[in-house]
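Visitor: I am new to reading protein structures. Could you take me through one, feature by feature?

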Amino acid sequence: MKDSIKALRELEKRLYAYQYAMAVADYDSETVAPPESSAGRAEAMEVLSRAYFDQLVSADTAALLQRAAADAETEQEKAEVRELQRSYDEIGKIPAEEYAAFTKLTQESMPAWGKAKRGNDFASFAPYLEKIVESLRAQAHYFAPDRDPYEVWLDRYEHGLTIAQCDTFFAALRETIVPLLAAIKERGSAIRTDFLYQDWPIEQQRKLSKKIMEVWGLDPDHCVLGETEHPFTSGFWHGDVRITTHYMPQDMFSNLYSVAHEGGHALYELNVDPKYDYTILAGGATTGLHESQSRLFENYVGRSRAFIHYLYPTLLELFPQQLNGVTEEIYRAVNRAEPSLIRTEADELTYSLHIMVRYELEKALMQGTLTVAELPAAWNAKYKEYLGVDVPDDTHGCLQDIHWAMGDMGYFPSYALGSAYSAQAVDDLRKTMDLDAQWAEGNMQPLKDALRSRVWQHGRAKEPQWLVQSLCGGAFDAAHYTNYLKNKYTELYGL
């Protein structure tokens with residue numbers, strides 16, 4: 001190994017250590033940290049992020065990347081140089097003080113968001129969001145002054161994604177979803193839902209969470225489940241991934257599908273090839289690819305008739321009174337199409353409408369055609385227009401998601417893209433695998449082996465476009481997703 005590659009690896013390990021420390025602080029803040037602890041953590045995170053910036057962005061690093069680019073011989077070495085150069089280019093033009101200050105800002109804004117959500121107090125969170133939008137615009141301008149600032153961030157989350165591509169993609173979804181919803185409302189057969197919302201003991205829900213993790217194959221020595229306001233996944237290392245859920249006493253299925261979803265994220269992180277440990281190639285490649293895995297396990301597996309048939313005895317054992325006399329109704333109920341307020345509890349059909357609302361609003365915020373003060377009213381209007389529901393308060397409206405408080409504008413389209421990627425992947429896998437027969441036995445291993453081969457093992461060593469094609473079995477085509485929705489809901493509602 002050339003000296004430049006050795007030096008590059010040493011730099012990558014230092015960067016990993018800083019990222020690890022910040023990830024632990026983030027996870028702690030959302031799970032067990034006391035409510036009034038944010039000020040001290042924000043100061044520490046500002047220092048850590050500045051140290052990370054100084055390690056990555058320097059004349060020494062620029063020179064090292066030049067030498068390493070000339071010396072790289074293996075595919076992995078070339079990928080490390082490519083991805084590190086990309087990171088250098090993305091943040092190298094941002095003033096160091098602003099980079100660190102933004103980290104501090106998000107550490108302050110996340111607990112402010114949580115408090116605002118609990119108290120239905122958007123006004124208290126608005127000043128933080130205004131600063132976040134302003135900072136993200138500035139960062140985008142530093143990186144690409146002549147480019148739409150929102151598109152800069154779309155590309156950051158899903159490399160190569162443009163506003164034009166998003167507009168076309170969402171238009172195709174809208175053309176499928178809106179007529180399907182209208183048909184369901186006009187002539188769809190009734191679905192029984194009376195048993196969904198009742199008392200579901202939390203301790204029994206915890207046992208169900210453990211069961212889902214066991215079936216997914218999440219080793220408790222390497223993956224633990226915590227509890228938080230908003231479910232999420234944190235990958236620290238290929239042998240240390242944390243997932244969280246939120247238990248609702250009146251809604252057991254919300255937790256079930258949160259654990260299924262976050263478990264999909266965890267499987268991706270846990271199955272990256274260990275040879276990429278402590279390098280920039282470790283972890284998932286893009287947010288769209290990551291969401292494709294979580295949505296696949298949440299919906300294509302978790303809501304399938306085959307898997308629900310497998311899970312039914314466990315559900316009946318844990319909740320005998322609540323599910324007395326309920327059998328096939330579970331499959332139909334958890335797949336019902338019912339316009340609602342909360343994205344994380346939305347059905348597959350209406351889910352992308354929730355994403356469209358966020359896509360259009362965050363694009364307008366970043367482009368300056370919508371102010372933060374106007375956000376609640378704009379949110380409520382779009383929910384009325386797209387989903388036909390009245391938003392009762394900001395807690396159930398524009399305060400429901402943590403993403404903007406974290407500074408993640410441009411992330412939301414990844415959920416819809418991920419759903420579409422996974423639809424095409426499942427179509428391709430069905431050509432050679434009897435997935436339903438495997439899922440009916442609770443056997444996830446063949447699916448996991450296929451996903452590990454196509455995507456998981458590669459981490460960020462392959463370019464995102466290559467990984468998408470590998471996952472999908474060919475060039476991405478959203479028609480697989482729209483056909484899936486049409487076929488599923490036509491059958492479900494007897495249209």
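**Reading buried and exposed residues**

Guide: Start with Gln107, which is buried, with a relative accessible area of 2%. Keep in mind that this is a predicted model.

Visitor: Why does Gln107 count as buried?

Guide: The label depends on a cut-off: buried means under 20% relative accessible area. Gln107 has 2%, so it counts as buried.

Visitor: Where does Gln107 lie, and which residues does it touch?

Guide: Gln107 lies in helix α5. Not counting residues up to four places away in sequence, Gln107 touches Asp26, Ser38, Arg41, Ala42 and Met45.

Visitor: What about a residue in a loop?

Guide: Take Asp401. It lies in the loop between α15 (375-387) and α16. Asp401 has 7% relative accessibility, so it counts as buried too. Leaving aside neighbours within four places in sequence, Asp401 is in contact with Trp113, His230, Arg343, Arg358, Trp379 and Phe412.

Visitor: How do I read a value that is not under the cut-off?

Guide: Between 20% and 50%, a residue is called partly exposed. Ala17, found in helix α1, is partly exposed because its relative accessibility is 42%.

Visitor: How do I read a distance along the chain against a distance in space?

Guide: Compare the count of residues with the C-alpha separation. Ala17 and Asp477 are 460 residues apart along the chain, and their C-alpha atoms are separated by 39 Å. Now take His480 and Ser422. They are 58 residues apart along the chain, with C-alpha atoms separated by 9.2 Å.

Visitor: Where is His480 found, and is it buried or partly exposed?

Guide: His480 is found in helix α20 (residues 479-493). Its relative accessible area is 26%, so His480 is partly exposed. Beyond its neighbours within four places in sequence, His480 is in contact with Ala423, Gln424 and Asp427.

Visitor: Now helices. How do I read a crossing?

Guide: Look at three things: the distance between axes, the angle and the handedness. Helix α11 (residues 287-301) and helix α16 (residues 413-429) have axes that come within 7 Å and cross at roughly 65 degrees. The crossing of α11 and α16 is right-handed.

Visitor: Which residues make that contact?

Guide: From α11, they include Leu289, Arg295 and Tyr300. From α16, they include Tyr415, Gly418 and Val426. By class, the contact of α11 with α16 has 7 nonpolar, 7 polar and 2 charged residues.

Visitor: Which other helix crosses α16, and with which handedness?

Guide: α14 passes α16 in a left-handed crossing. The axes of helix α14 (residues 348-367) and α16 come within 8 Å, crossing at roughly 145 degrees. On the α14 side, Tyr351, Ser352, Ile355, Tyr359 and Glu362 make the contact; on the α16 side, Pro413, Tyr415 and Ala416 do. The contact of α14 with α16 divides into 6 nonpolar, 1 polar and 1 charged.

Visitor: Last, pockets. How much space lies in the largest pocket?

Guide: Read the volume, then the lining. The largest pocket holds about 530 Å³ of space. It is lined by 23 residues, and the closest to its centre are Pro35, Pro111, Gly114, Lys115 and Arg118.

Visitor: Which helices supply the lining of the largest pocket?

Guide: α1 (3-31), α2 (38-56) and α5 (96-119) each supply at least two residues. The largest share, 9 residues, comes from α5.

Visitor: How does the lining of the largest pocket divide by class?

Guide: The lining has 9 nonpolar, 7 polar and 7 charged residues.

Key:
Residues are numbered from 1 along each chain as its sequence is written. This is a predicted model: local features need pLDDT of at least 70, side-chain atom pairs count only at pLDDT 80 or more; totals for chains, interfaces and linings use all residues. Side-chain values use heavy atoms; hydrogens and water are left out. Axes are lines fitted to C-alpha atoms, for helices over the stretch in contact, and angles run from 0 to 180 degrees between N-to-C directions. Helices (H or I, at least four residues) and strands (E, at least two) are DSSP runs, numbered from the N terminus. A crossing is left-handed if the near helix is turned anticlockwise from the far one by less than a right angle, and right-handed if clockwise. Contact means heavy atoms within 4.5 Å. Ala, Val, Leu, Ile, Met, Phe, Trp, Tyr, Cys and Pro count as nonpolar, Asp, Glu, Lys and Arg as charged, and the others, Gly among them, as polar. On a 1 Å grid over the protein atoms alone, a cavity is a set of points where a 1.4 Å probe fits but cannot get out, and a pocket is an open set with protein on both sides within 12 Å along at least five of seven lines; lining residues have an atom within 4 Å of a point. Grid points are joined across faces, edges and corners, and a volume is the space filled by probe spheres set on the points. Buried means under 20% relative accessible area, exposed over 50%, partly exposed in between (1.4 Å probe, protein chains only).
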